[in-house]
Amino acid sequence: MSVLMNVSIVVYYLIFMASVFYSLKFQFGKESKDERGKGILNTSYAFTYPIIIFGWLIITLTDVYINPFSLDGYKIAMLILLTGTNIIHAIILSSLKKLS
């Protein structure tokens, strides 16, 4: 079980790093300078920004009303929220880029 957990952590980290690279490449590349690229970025941000708000709300409500988190549990929940949002941002950028 421990080996599977370590492998999944490494795979998640690699996916996160790939999404950061893709997002930065799109953001600072020449493609984001035109109207189409700015529209893609704005649409992607419009989808991913509420995820942070609702995710934080769900984590807080879970902590208060269902099961209190330990400090390590809270850190892991926030880490997954923020990195997951960046992964979703990169996926939306990729799909919008292909659609338009």
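In which kind of crossing, left-handed or right-handed, does helix 2 pass helix 3? The legends below begin with that pair, as seen in a predicted model.

**View 1. Helix 2 packed against helix 3 in the predicted model.** Helix 2 covers residues 35–66 and helix 3 covers residues 71–99. The crossing in which helix 2 passes helix 3 is right-handed. Their axes come within 9 Å and cross at roughly 155°. An angle over 145° counts as roughly antiparallel, so helix 2 is roughly antiparallel to helix 3. Sorted by class, the residues of this contact are 16 nonpolar, 7 polar and 2 charged.

**View 2. T48 of helix 2 and its surroundings.** T48 has a relative accessibility of 5% and therefore counts as buried. With residues up to four places away in sequence not counted, T48 touches T85, I88, H89 and I92. One of these partners, I92, is itself in contact with S44, F47 and T48 once its neighbours within four places in sequence are left aside.

**View 3. T85 of helix 3 and its contacts.** The relative accessible area of T85 is 6%. The limit for a buried residue is under 20%, so T85 is buried. Leaving aside neighbours within four places in sequence, T85 is in contact with T48, I51, I52 and I80. The contact between T85 and T48 thus joins a residue of helix 3 to a residue of helix 2.

**View 4. The largest nonpolar core.** This core has 6 residues: F26, I40, L41, I92, L93 and L96. Helix 2 and helix 3 each supply at least two residues of the core. The largest share, 3 residues, comes from helix 3. In soluble globular proteins, nonpolar side chains tend to be buried together. Two of the core residues, F26 and L93, are also listed in the contact of helix 1 with helix 3.

**View 5. Helix 1 against helix 3.** Helix 1 runs over residues 2–28, and its axis and that of helix 3 come within 9 Å, crossing at roughly 50°. This angle makes helix 1 oblique to helix 3. Helix 1 passes helix 3 in a left-handed crossing. On the helix 1 side the contact is formed by Y12, I15, F16, S19, V20, Y22, S23 and F26. These meet I80, T83, G84, N86, I87, H89, A90, L93, S94 and K97 in helix 3. The residues of this contact divide into 10 nonpolar, 7 polar and 1 charged.

**View 6. Y13 of helix 1 and its distance to T83.** Y13 has a relative accessible area of 49% and is partly exposed. Exposed residues have over 50%, so Y13 does not reach that class. Y13 and T83 are 70 residues apart in sequence, and their C-alpha atoms are 8.9 Å apart in space. T83 is among the helix 3 residues that meet helix 1.

**View 7. A46 of helix 2 and its distance to I15.** A46 has a relative accessibility of 51% and counts as exposed. A46 and I15 are 31 residues apart in sequence and 22 Å apart in space, C-alpha to C-alpha. I15 is one of the helix 1 residues in the contact with helix 3.

Key:
Residues numbered from 1 in each chain as written. Predicted model: local features only at pLDDT ≥ 70, side-chain atom pairs only at ≥ 80, totals over all residues. Heavy atoms only, no water. Core = buried A, V, L, I, M, F, W, Y, C linked by side-chain atoms within 4.5 Å. Buried < 20%, exposed > 50% of the residue type's maximum accessible area, 1.4 Å probe, protein only. Helix = DSSP H or I, 4+ residues; strand = E, 2+ residues; numbered from the N terminus. Contact = heavy atoms within 4.5 Å. Axes fitted to C-alpha atoms, helices over the stretch in contact; angles between N-to-C directions. Parallel < 35°, antiparallel > 145°, perpendicular 65-115°, else oblique. Left-handed = near helix turned anticlockwise from the far one by under 90°. Nonpolar A, V, L, I, M, F, W, Y, C, P; charged D, E, K, R; others polar.
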